[in-house]
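Dear colleague,

I am passing on a structure that you have not worked with before, and I would be glad if you could look it over. My notes follow below it.

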Amino acid sequence: MDNIPLALNLTFVGMTVVFIALILLSFIIFISTKFLAVKKNGRAKKNTTKDEASILEIDDDEDMNLDIPAFGRPDEELVSVMMAAIKAGMSPESQCSLRIKSFRRIEQSSPVWNRAGRLEQIAKKL
Amino acid sequence: MFWQFTNTIADLVNASGFVRGQWTQYLMIIVACLLIYLAVVKKYEPLLLLPIAFGVLLANLPFANLSSYDEKGLIYYLYQGVKLGIYPPLIFLGIGAMTDFGPLIANPKSLLLGAAAQLGIFTTFIGAVLLGYTPKEAGAIGIIGGADGPTAIFVTNNLAPHLLGSIAIAAYSYMALVPIIQPPIMKLLTTKKERQVVMEQLRPVSKLEKVIFPIFVTILVSFFLPDAAPLVSMLMLGNLFRESGVVERISKTAQNEMINIITIFLGVSVGATAKAENFLTPRTLGIIVLGLFAFSLGTAGGVLLGKVMYWLTGGKVNPLIGSAGVSAVPMAARVSQKVGQEANPGNFLLMHAMGPNVAGVIGSAVAAGILLSMLK
């Protein structure tokens, strides 16, 4: 019976410490999850902009004689082609699903030799 | 010539275990055979119960010197891994390499259920003290409620090594009996409406979160409770091997060969501590009864906090997942799934229950750290 105060004390302290330790851990997981989610969103946004730049970089050269559909209105065929191009460029194992929400023309920034090479590649495929 | 021959035979018979063995040793051999039967035929935690049962058999063979306390015997040397506290953390290394903490990271609130399920450990401690056990013995008995074999062995070895055999056998037997012990308590404490709750699907957890988690847990728990560090740090090291994805060979070894070898050594040497003179005492009976009490209270603690969470979230948490907080991975989670499906056949609680289940492993290691720091 001499040990009863010790037993009660240990039980109370024990349960309190177990709860504090696990609540603290739970809180750290929660915070780190939020932090990583914010970071991930930021990176995803950055990647989207990057992707937009690379995918939607469409040459506005009138001399190309390519049949480029008019921009400014939705074109399902163009979206399909874009999607196919992205998928073809991704690794075959990739399970990532994509959705093209919008596309817009951007200023041409590729060097001339780059454009020439690309046109040559497309011409070969055609 | 004839008389010389018969005298030699008589001497051999008199020197054999058949004649010199005591009835308590025969009784222990029967107990060992019963445990072997439960492991082989009933498949009650066979991976551990079978080597433990065989260890019990070896320890009670008359004059074979095969108990863990017989110096110069084979098992004595294997037992040093238990005595020095080496095997349980190594088992935790393997468990960590096998465990996916994803459900816990996806739902950090489930850590609270893992904490509530430790109630059995501390309330049984009071019960054991009331029954006349010393505080150290009571701490070792209470840890059975954590339903975690390596933790129970680690704590008992540090607090009351003379009870190691009885406590290990009680702990592993109750872990094997989880599907029988838990469902009545779960049904008693919940309504059918509560058991039918379908929980929202867990979010996917990124690799980065899974890699950071073991590092955080090791630092936090070891700073908080240095006595729990051997168990928690090895658990988390194993998990880091798994989640980092850069040491696949080590991870596979920890999950298979290493844990299997340690399980053999641990099981046999712990079983071989159960010599008749240590085991056949009224105290063993007390340990078995108190162990059941600890286990049941742990289950009840988890379910009751699950009910509180059910009310606080407006019925979004199924209280049945609370019972999985008693460790016993993954059996306790499977029991939550089974009882949940009995109430609602379209309900899948397994992944939700895995969160509290792995939280229970951390919770019982923390509880072990508290017992060791306050009683050692």
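**Chain A, then a helix pair in chain B**

In chain A, 60% of the contacts with a separation of 6 or more are between residues 24 or more positions apart. Please keep in mind while reading that this is a predicted model.

The secondary structure of chain A consists of three helices and zero strands, and along the sequence this gives the pattern α-α-α. Of the 126 residues in chain A, 20% are buried. The area that chain A exposes comes to about 9700 Å², and 59% of that area is supplied by carbon and sulfur atoms.

In chain B, I looked at helix H9, which covers residues 119–130, and helix H10, which covers residues 135–142; these two helices pack with their axes 8 Å apart and at an angle of about 140°. Angles over 145 degrees would count as roughly antiparallel, and H9(B) and H10(B) are therefore oblique to each other. The crossing of H9(B) and H10(B) is right-handed.

Which residues meet where these helices pack? From H9(B) the contact involves B:Gly120, B:Ile121, B:Thr124, B:Phe125, B:Ala128 and B:Val129, while H10(B) brings B:Pro135, B:Ala138, B:Gly139, B:Ile141 and B:Gly142 to meet them. Sorted by class, the residues in this contact of H9(B) with H10(B) are seven nonpolar and four polar, with no charged residues.

With best wishes

Conventions: Residues are numbered from 1 along each chain as its sequence is written. Chains are lettered from A and ligands numbered from 1 in the order in which they are written. This is a predicted model: local features need pLDDT of at least 70, side-chain atom pairs count only at pLDDT 80 or more; totals for chains, interfaces and linings use all residues. Side-chain values use heavy atoms; hydrogens and water are left out. Axes are lines fitted to C-alpha atoms, for helices over the stretch in contact, and angles run from 0 to 180 degrees between N-to-C directions. Helices (H or I, at least four residues) and strands (E, at least two) are DSSP runs, numbered from the N terminus. Angles under 35 degrees count as roughly parallel, over 145 as roughly antiparallel, 65 to 115 as roughly perpendicular and the rest as oblique. A crossing is left-handed if the near helix is turned anticlockwise from the far one by less than a right angle, and right-handed if clockwise. Contact means heavy atoms within 4.5 Å. Ala, Val, Leu, Ile, Met, Phe, Trp, Tyr, Cys and Pro count as nonpolar, Asp, Glu, Lys and Arg as charged, and the others, Gly among them, as polar. Buried means under 20% relative accessible area, exposed over 50%, partly exposed in between (1.4 Å probe, protein chains only). Accessible areas come from the Shrake-Rupley method with a 1.4 Å probe; for residues, only the protein chains shown count as cover.
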